Amino acid sequence: KVWQALQQRGYADEFISSIDSELKNNLLIKFEDKRYKLHLFVTPTWFVFISRNGSTIRKTEEVVWIYSKMPQGVTSANNKDILIVGFRDGSVFNNFCFLSCAKIIEVCQDKLPNISYGYSKEKEVLFNNDPNALLKN
């Protein structure tokens, strides 16, 4: 599925030709939660999230919003936060991150300061109308 999405966006060849070099030389974020098998790698070009529940590879410049939420019917005792990543095209990627959501957001805020973090109804309306409005100059 992830590979098909890369091909549909026309990124497959670019990803193959650049990812190794970027991971070695330009890694901005490397986050791993071995217990829950979550991995986030961010370079100036690529945003790569891999888990056993779902994965996505997108261009870093496409990310406009990151926040977490607790699903309905789940308590904090269950440790099942969901990480939501919003993209310029209005699409979203979400994945259970258990105890790691806050840590992922924290490392992203430091290295990706131009995007919006945290949920509010105002941000949701902005995202639904024009996702680019969530980018900071």
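## Lys-59 and its partner

In this predicted model, the side chains of Lys-59 and Glu-14 are joined by a polar contact of 2.9 Å. Lys-59 sits in strand S4, which runs over residues 55-59. Its relative accessibility is 14%. Buried means under 20% relative accessible area, so Lys-59 counts as buried.

Glu-14 is one of several residues that Lys-59 touches. Leaving aside neighbours within four places in sequence, Lys-59 is in contact with Tyr-11, Glu-14, Thr-45, Trp-46 and Phe-47.

## The chain as a whole

The protein chain contains four helices and eight strands. Along the sequence, they follow the pattern α-α-β-β-β-β-β-β-β-α-β-α. The radius of gyration of the protein chain is 15 Å, close to the 14 Å that the globule rule gives for 137 residues, so the chain is as compact as a globular protein of that length. The C-alpha trace spans about 45 × 35 × 30 Å along its principal axes.

How many of the contacts between residues at least 6 apart in sequence join residues at least 24 apart? In the protein chain, the share is 42%. The share of its 137 residues that count as buried is 42%.

## Surface and charge

About 7900 Å² of the protein chain is accessible surface, and 47% of this belongs to carbon and sulfur atoms. As for charge, the protein chain carries 18 positive and 15 negative side chains. The centres of these two sets lie 7 Å apart.

## Two loop residues

Lys-37 is in the loop between strand S1 (29-33) and strand S2 (38-42). Although Lys-37 is not a glycine, it has a positive phi of about 55 degrees. Is Lys-37 buried or partly exposed? With a relative accessible area of 45%, Lys-37 is partly exposed; the partly exposed class lies between 20% and 50%.

Thr-43 lies in the loop between S2 and strand S3 (46-51). At 1% relative accessibility, Thr-43 counts as buried, because the limit for buried is under 20%. Which residues does Thr-43 contact, leaving aside its neighbours within four places in sequence? They are Glu-22, Leu-23, Asn-26, Leu-27, Leu-28 and Thr-60.

## Ile-66 in strand S5

Ile-66 belongs to strand S5, residues 63-69. The relative accessible area of Ile-66 is 0%, and this residue is buried. Apart from neighbours within four places in sequence, the contacts of Ile-66 include Phe-47, Leu-83, Ile-84, Val-85 and Ile-105. Ile-66 is also in contact with Cys-108, Ile-115, Ser-116, Tyr-117 and Gly-118. Phe-47 appears again here: it is in contact with Lys-59 and with Ile-66.

A distance to another part of the chain can be given as well. Ile-66 and Gln-8 are 58 residues apart along the chain, and their C-alpha atoms are separated by 23 Å.

## Lys-123 in helix H4

Lys-123 is found in helix H4, which covers residues 121-129. Its relative accessibility is 22%, so Lys-123 counts as partly exposed. A value under 20% would be needed for a residue to count as buried.

What lies 2.4 Å from a polar atom of the side chain of Lys-123? It is the backbone oxygen of Tyr-117. Beyond its neighbours within four places in sequence, Lys-123 is in contact with Trp-65, Ser-116, Tyr-117, Gly-118 and Leu-134. Leu-134 is 11 residues from Lys-123 along the chain, and the C-alpha atoms of the two are separated by 7.1 Å. Ser-116, Tyr-117 and Gly-118 are in contact with Lys-123, and these three residues are in contact with Ile-66 too.

Note on methods
Residues are numbered from 1 along each chain as its sequence is written. This is a predicted model: local features need pLDDT of at least 70, side-chain atom pairs count only at pLDDT 80 or more; totals for chains, interfaces and linings use all residues. Side-chain values use heavy atoms; hydrogens and water are left out. Buried means under 20% relative accessible area, exposed over 50%, partly exposed in between (1.4 Å probe, protein chains only). A polar contact is a pair of N or O atoms within 3.5 Å; within protein, one must be able to donate a hydrogen and the other to accept it, and residues adjacent in sequence count only if both atoms are side-chain atoms. Contact means heavy atoms within 4.5 Å. The radius of gyration is taken over C-alpha atoms; the globule rule is 2.2 Å times the number of residues to the power 0.38. Accessible areas come from the Shrake-Rupley method with a 1.4 Å probe; for residues, only the protein chains shown count as cover. Lys and Arg count as positive and Asp and Glu as negative; His and the chain ends are not counted. The place of a charge is taken as NZ of Lys, CZ of Arg, CG of Asp or CD of Glu.
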